[in-house]
Amino acid sequence: MGQRIGVDIGGSFTDFAILDEDTRTLRALKVFSRPDEPGAEIAAGIRLAGERYGISPDQVTYFTHGTTVGVNTVIQRKGVKLALFTTENFSDVLELGRLKLPAMFDLLSRRPDPLVTRDMVWGLSERLRADGSVMRGLDPESVAIATRAALAAGAEGIVIALLHAYRNAEHELEAKRLVAGLAPGIPVFTSAEVWPIIREYERTTTAVIGGYVQPRIAHYLGSLQNALKGLGVPAEARLTKSNGGVMSAEQGKTDCVQMILSGTASGVIGAGFVAKACELRECMSLDVGGTSADVALIVDGEPQYGMGEYIGEHQIHVPSISVTSIGEGGGSVAWVDEYGVLKIGPESAGSTPGPACYGRGGQKPTITDAFAVCGIIGQADLGYNAVKVDVEAARRAVATLTGRTGQTIEETAEAIIKVAVSGMYAKITGLVTRFGVDPRTTAMMPFGGAGPMMGCLVAEEMSMPETVVPTTPGVLAALGGLVADLKNDFIRTVFVDLAKSEIPKIQQVFTELKAAGENWLRDDQGYDGEGQVTYSADMRYRGQSHDIETVLPGAAVWAGDVAALEKAFHDAHEKVYGHAQREAPVQMVNLRLVMAGRTPKPELPHIDTGSGTPIPLKEIRCWISGRWIPVQLYARKDLLAGQSFDGPAVIAQDDTTTFVPEHHTVRVDAFGHLRIKKESSDAAEDNN
Amino acid sequence: MLQKTTINRAMLQVLADYCSATTEAMAHTLMRTAHSSFVKETEDFTTQLVTVQGETFASPKGLGATWFTNLDYGPALRMIDHYEEGAIYLTSDPYSGHVATHAPDVHAWKPVFHNGELVCFVACHVHNTDVGGAVPASLSRSLVEVHQEGIRIPPMKVWQNGEFDQNLLRIIDTNVRMPEQNWGDLNAQIACLNTGEAKVREMIKRFGIDVIMACQSELLDYAEAQARKIVSTIPDGEYFFADYADEDSDGGVPCRVAVTLTVKGTELTLDFTGSDPQLGSSLNMPTGGNPRHALVTIAVVLVLSTLDPHLVLNAGTTRMVHAILPEGTVMNAVAPAAVGMRSLVVAVSQLALLGAFQQALPDRLAASPGGAASLLNVKTIDRSGRQIMASIGPVSGGGGGSPQRDGVEGSGGNRSFLRNTPVEINEVEVPIHIERYGLVPDSGGAGKYRGGTAMLMEFQVFSPNSVVTARNRNRTRFASWGVLGGKAGMTSSFFRNPDDARRQDLGNIDVVRCNPGDVIRITGPGGGGYGNPAERPVQSVLSDLHAGFISRNGAAHDYGVIVSAEGNLDVAATELARARFGIESKRFEFGKDREKYEAVWTGERYDALTTILLTLPITWRFYVKHRIFEAVTDEVGSGGARAVFDAYSAIAARHPELPASVPPAN
């Protein structure tokens with residue numbers, strides 16, 4: 001009887017989702033994270049699984065986890081000292097970036113400092129043409145000079161990124177061989193091996209980020225593997241990838257760019273799984289933590305993908321689940337400017353010292369403190385008894401603003417909430433128009449510690465019809481890892497016109513990508529089920545400089561059906577941009593293939609069924625819309641499927657608090673998810 | 001929580017968020033549905049919410065162009081007698097209200113009504129790639145009349161009840177080179193405005209009409225109060241500064257923009273008296289003399305935002321600005337002056353203002369950024385004979401050294417919004433070979449904080465009749481100035497076949513016809529330095545040397561840091577060399593060429609020139625300026641202004657149409 005385990009290692013807590021392979025039941029656990037000793041939290045969790053559910057380590061047949069170690073290494077700039085070898089005369093690629101500066105209205109705005117300083121960059125004498133043919137062969141002497149200089153300057157790793165290597169990797173590989181001969185043991189990364197896309201800055205910086213974090217990640221994953229082995233877990237360690245899939249920890253040790261956004265992606269995959277179970281067609285996940293909120297769009301249970309996701313100030317150009325980070329979280333600090341206007345952030349109290357009401361030394365009023373003043377949180381224990389809410393401390397913090405707002409403490413607290421919500425409204429509005437999504441048919445799924453307390457308020461502003469609060473919002477990310485499929489992306493830049501004459505080449509490349517995919521799935525991941533192949537291409541109209549990733553019907557690829565391939569692109573263009581030029585010539589820039597191996601999915605457990613209105617824990621008083629009113633407080637664990645009740649209400653559970661505003665109705669679905677809808681106000685609106 | 005009639009000031013941020021979300025939604029709609037790469041890649045567009053009076057009260061920060069956050073739509077709005085619900089209006093004529101500032105910019109707006117009452121306008125603009133006229137893309141420095149710059153549409157109704165005015169469309173269709181693009185972008189503007197209107201209606205429903213009416217002036221007042229607060233931290237005083245365009249027309253003489261900035265309490269006066277007469281080229285700015293015209297106040301917005309990043313940007317931000325823009329000068333050209341390349345003089349006027357503000361705020365603002373970015377286009381033929389026309393990217397200069405940091409490499413300051421095109425994309429799409437792309441060592445002005453180095457691009461073309469255009473070429477003669485002892489940056493350059501016998505210096509030419517095999521090398525201007533280079537720590541100089549931002553010669557010559565060919569620091573020689581640098585710190589360091597030029601064209605002579613030209617009919621000014629420049633070439637020994645008056649008298653003697661003599665001022 002096998003047990004499959006998904007783990008999410010967060011800053012404070014580590015969550016476990018455990019799937020019984022026979023019964024398909026799902027169980028959850030939570031332990032404290034141990035950033036000081038990676039692996040210790042895993043051991044603690046597995047021990048607890050034994051105590052609580054009688055699961056022994058040798059029953060664990062599958063183990064996957066999401067981690068933020070990669071992101072943190074970049075943000076804290078704690079990676080290794082790298083050298084970069086470029087094509088001679090193009091060594092300023094990282095300094096220039098794409099030229100544009102981040103803050104257009106700031107005369108002193110700067111690009112983020114490159115992860116490799118300019119003095120650690122050397123040019124190699126070689127040059128390829130745009131079609132990949134050799135214009136100047138690689139001069140081995142230039143490699144030797146660069147290598148010696150890099151070692152003398154203290155390089156701990158070398159990244160080789162040459163012009164047009166996406167087309168022909170041979171010069172990069174030859175340089176890599178030469179470096180290996182001169183400096184055995186030093187890690188060497190080539191841009192085409194890391195992720196072979198056209199655009200030298202994007203490919204170079206992606207390879208640099210990968211090299212920068214690699215030794216840290218390899219060390220971390222090694223300790224994790226040892227910890228599991230020590231516990232007697234037979235399963236090979238795996239981890240979630242930025243692309244929403246899963247790979248072996250062994251692959252993660254070298255293929256680091258694929259796992260940098262592991263932690264963020266896990267939560268969205270979990271949200272997607274719940275969205276599918278709830279049959280939500282379009283859904284926006286809102287993961288609110290202490291310092292920021294991550295927003296992602298999920299369509300038919302599938303997260304949306306993008307390139308160029310941000311890691312702190314840097315972007316990484318591999319296919320990733322598209323997540324937009326809003327700099328506003330539960331710990332964001334409220335302040336009043338000189339003109340008397342109330343503002344939120346960007347300063348955040350984070351988790352240390354945290355909101356004033358957590359009593360860990362925070363003095364400044366945060367969003368969480370505002371909710372505490374209004375009586376919405378702090379009525380039941382938070383975070384597995386780890387945190388007690390000190391309402392008086394929250395009031396003292398908010399009181400520091402009342403002189404400036406000219407309002408009472410309660411009024412000021414509610415104003416903070418309104419400004420926090422409107423800030424999220426502004427950011428999310430930009431996002432939905434960019435994606436071309438209609439919020440009126442999109443559901444909101446809040447999770448993370450502070451998500452469910454704000455979710456309904458944000459959804460209401462956005463005119464989203466429904467808010468779905470998952471059963472255990474804290475475990476969503478652990479669940480995400482558990483339900484993710486084995487998945488790897490393969491890419492080749494071809495740059496051809498889509499024409500009959502190019503079909504043999506296109507088919508040839510797809511044949512090779514498919515073989516690489518099969519090899520990865522069978523040999524590297526040890527998967528013996530059937531592989532799922534998705535074909536796509538980055539396509540564009542000739543003369544345009546932006547491409548759209550277009551999913552291609554496999555049958556059309558192998559039949560060489562040019563018309564069908566063109567139609568796929570025109571349709572995609574029309575969907576994204578609202579128009580298509582169906583007669584215009586089409587180009588294919590990159591061919592892509594996704595190889596996936598399906599993993600068993602849990603059945604989300606049904607909770608006990610009840611009827612009518614649940615019995616509240618007690619009645620509390622909350623400050624809502626300018627007055628203290630009675631509000632029912634419910635315990636999440638007491639709620640039964642089929643029950644419903646009206647807002648205003650507060651629902652407390654171990655890892656979060658859900659706030660249901662006035663004029664909202666909650667229905668508990670079969671899985672125990674809270675389905676919250678606003679009472680229809682169409683009649684009132686028509687009078688306006 | 002918001003009351004219906006008055007706005008709780010503490011809650012103003014909520015309304016600011018809603019307004020900014022509306023303009024952001026408009027911007028994304030525009031970007032998503034537009035056709036031209038100007039919108040998608042260059043982001044040369046804006047979206048705004050505009051009061052009934054025409055004041056821009058909201059725009060998306062960070063999406064689109066940076067120039068029009070305070071655009072005054074008023075004069076154009078008032079040219080429509082009667083607004084109809086559901087209708088859309090537009091203009092592209094620079095001389096109808098001075099909202100559009102060259103013909104490719106199409107500004108469109110839609111009124112939003114509530115119960116028959118006009119609430120506000122939603123507005124947007126797009127730079128069309130081509131609007132017809134004498135040259136492809138409609139822009140060239142050589143044009144002399146606005147009539148050569150493409151079709152111009154005066155303010156008119158163009159769309160109602162889901163229908164375009166078909167007559168107008170046919171006229172546009174007949175006059176432009178790529179009508180499908182204009183048509184596509186126009187449709188995107190309609191979609192953008194309809195999105196904006198729907199969003200404003202949602203706001204009215206959410207907050208009530210009274211709040212939405214009231215919040216417009218509140219947001220303007222808020223921005224004004226913030227801006228005044230910032231201005232009050234700037235020391236009172238009068239600060240004069242002038243900067244130059246290298247040439248005022250093809251092969252012409254310099255064009256000066258002079259400004260006297262007066263800071264008094266919370267008020268700013270920008271007096272541009274002393275700037276050159278309007279030009280016989282397309283570098284003129286069509287501002288209509290509007291004392292707060294958006295083209296004139298960009299530098300003020302940038303300076304205030306730099307001083308306080310929380311500043312809200314709308315028309316209120318510049319309410320305390322009063323610009324004096326004498327009619328018939330480059331700062332306020334009258335019809336039919338050509339205005340297509342006004343961006344070049346806009347940039348010079350920004351630099352002039354930055355120089356004035358730098359004097360007021362020496363510890364908070366930087367030296368001159370490169371300031372001129374050449375936009376390169378190549379028209380050539382590929383092997384199959386297909387014609388290719390493509391933008392291959394900007395070549396710009398570095399940022400200026402600032403009070404705490406070195407300037408940004410390659411771009412910065414007032415040109416921070418430009419994006420480049422990857423070498424790999426250029427080489428795939430355009431049949432050229434790029435030999436070198438990067439930064440120019442030693443191009444950043446030396447200083448305690450070094451100016452940012454300039455960009456360089458070198459490429460080869462392979463087919464006959466290839467044409468390279470470089471719009472906005474400037475700073476080949478007048479360098480980016482350094483401050484407080486910092487040196488001027490290296491000037492920009494433009495060469496054909498730089499390394500062989502056919503070498504040709506192209507100067508500020510903006511159109512080059514090439515032969516097969518020609519190599520073009522273009523460099524931007526380096527940023528100016530900040531502070532005495534002798535105060536730059538030796539360690540920083542060595543880092544720059546190792547990084548390649550400076551050469552060994554540069555280290556020795558610019559910083560007095562002596563390093564042997566083997567890379568060893570010669571401590572004794574360095575100490576000696578640095579001692580010789582002295583402690584002198586010039587307020588501004590302009591570079592040799594400008595010093596030489598200003599030895600002839602002193603402030604006194606410029607005053608005389610201004611006095612003379614302002615008395616002449618506008619049509620004569622450019623001509624007379626050039627004749628006077630031909631006559632006055634000697635450095636000032638004695639005489640000074642006298643030489644200018646004498647030169648004028650000689651010209652007037654030849655032309656009875658001119659007043660015979662002009663009395664010296666005062």
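Reader: Into which domains is chain B divided?

Author: This is a predicted model. Chain B has domain 1 (9-222), domain 2 (367-532) and domain 3 (601-654). The C-alpha centres of domain 1 of chain B and domain 2 of chain B lie 33 Å apart. Their contact takes 4 residues from domain 1 of chain B and 4 residues from domain 2 of chain B. On the domain 1 side, those residues divide into 1 nonpolar, 1 polar and 2 charged.

Reader: And what does the domain assignment of chain A give?

Author: It gives domain 1 (1-66), domain 2 (75-217), domain 3 (338-421) and domain 4 (486-597) of chain A. The C-alpha centres of domain 1 of chain A and domain 2 of chain A lie 39 Å apart.

Reader: Why are H1(B) and H5(B) called roughly antiparallel?

Author: Look at the angle. The axes of H1(B) and H5(B) cross at roughly 155 degrees. Angles over 145 degrees count as roughly antiparallel. H1(B) and H5(B) are therefore roughly antiparallel to each other. Their axes come within 8 Å, and the crossing is right-handed.

Reader: Which residues make that contact?

Author: H1(B) offers several, including Tyr18(B), Met26(B) and Leu30(B). Among those of H5(B) are Ala188(B), Cys192(B), Lys199(B) and Met203(B). By class, the contact of H1(B) with H5(B) has 9 nonpolar, 7 polar and 1 charged residues.

Reader: Why are H9(A) and H14(A) called roughly perpendicular?

Author: Use the angle again. Helix H9 (residues 262-277) and helix H14 (residues 476-483) of chain A pack at about 80 degrees. The range 65 to 115 degrees counts as roughly perpendicular. H9(A) and H14(A) therefore earn that label. Their axes are 6 Å apart. Gly267(A), Gly270(A) and Phe273(A) are among the H9(A) residues in the contact. H14(A) brings residues including Leu476(A), Gly480(A) and Gly481(A). The contact of H9(A) with H14(A) has 9 nonpolar, 5 polar and no charged residues.

Reader: How do you know that S5 and S9 of chain A pair?

Author: Count the bridges. Pairing needs at least two bridges between the strands. Strand S5 (residues 82-87) and strand S9 (residues 157-161) of chain A are joined by 5 bridges. S5(A) and S9(A) run parallel. Phe85(A), for one, has Ile160(A) in S9(A) as its bridge partner.

Reader: What makes S6 and S10 of chain A edge strands?

Author: Start with the order. The open sheet of 4 strands in chain A runs S6-S5-S9-S10, with parallel pairing. Strand S6 (121-124) and strand S10 (188-190) of chain A each have a single partner strand, so one side of each is left without a neighbour in the sheet. On average, neighbouring strands of this sheet are turned by 20 degrees against each other, direction ignored.

Reader: Which strands does helix H4 of chain A lie across?

Author: H4 (residues 140-152) lies across S5, S6 and S9 of chain A. H4(A) runs at about 170 degrees to S6(A). Helix H5 (residues 170-182) of chain A also packs on the sheet, touching S5, S6, S9 and S10 of chain A. The direction of H5(A) makes about 175 degrees with that of S10(A).

Reader: How many residues of chain B are in contact with chain A?

Author: 67 residues of chain B are in contact with 61 residues of chain A. H1(B) gives the most to the chain B side, with 13 residues. That side divides into 28 nonpolar, 25 polar and 14 charged residues.

How values were computed: Residues numbered from 1 in each chain as written. Chains lettered and ligands numbered in written order. Predicted model: local features only at pLDDT ≥ 70, side-chain atom pairs only at ≥ 80, totals over all residues. Domains from an automatic or database assignment. Contact = placed C-beta atoms within 7 Å. Nonpolar A, V, L, I, M, F, W, Y, C, P; charged D, E, K, R; others polar. Helix = DSSP H or I, 4+ residues; strand = E, 2+ residues; numbered from the N terminus. Axes fitted to C-alpha atoms, helices over the stretch in contact; angles between N-to-C directions. Parallel < 35°, antiparallel > 145°, perpendicular 65-115°, else oblique. Left-handed = near helix turned anticlockwise from the far one by under 90°.
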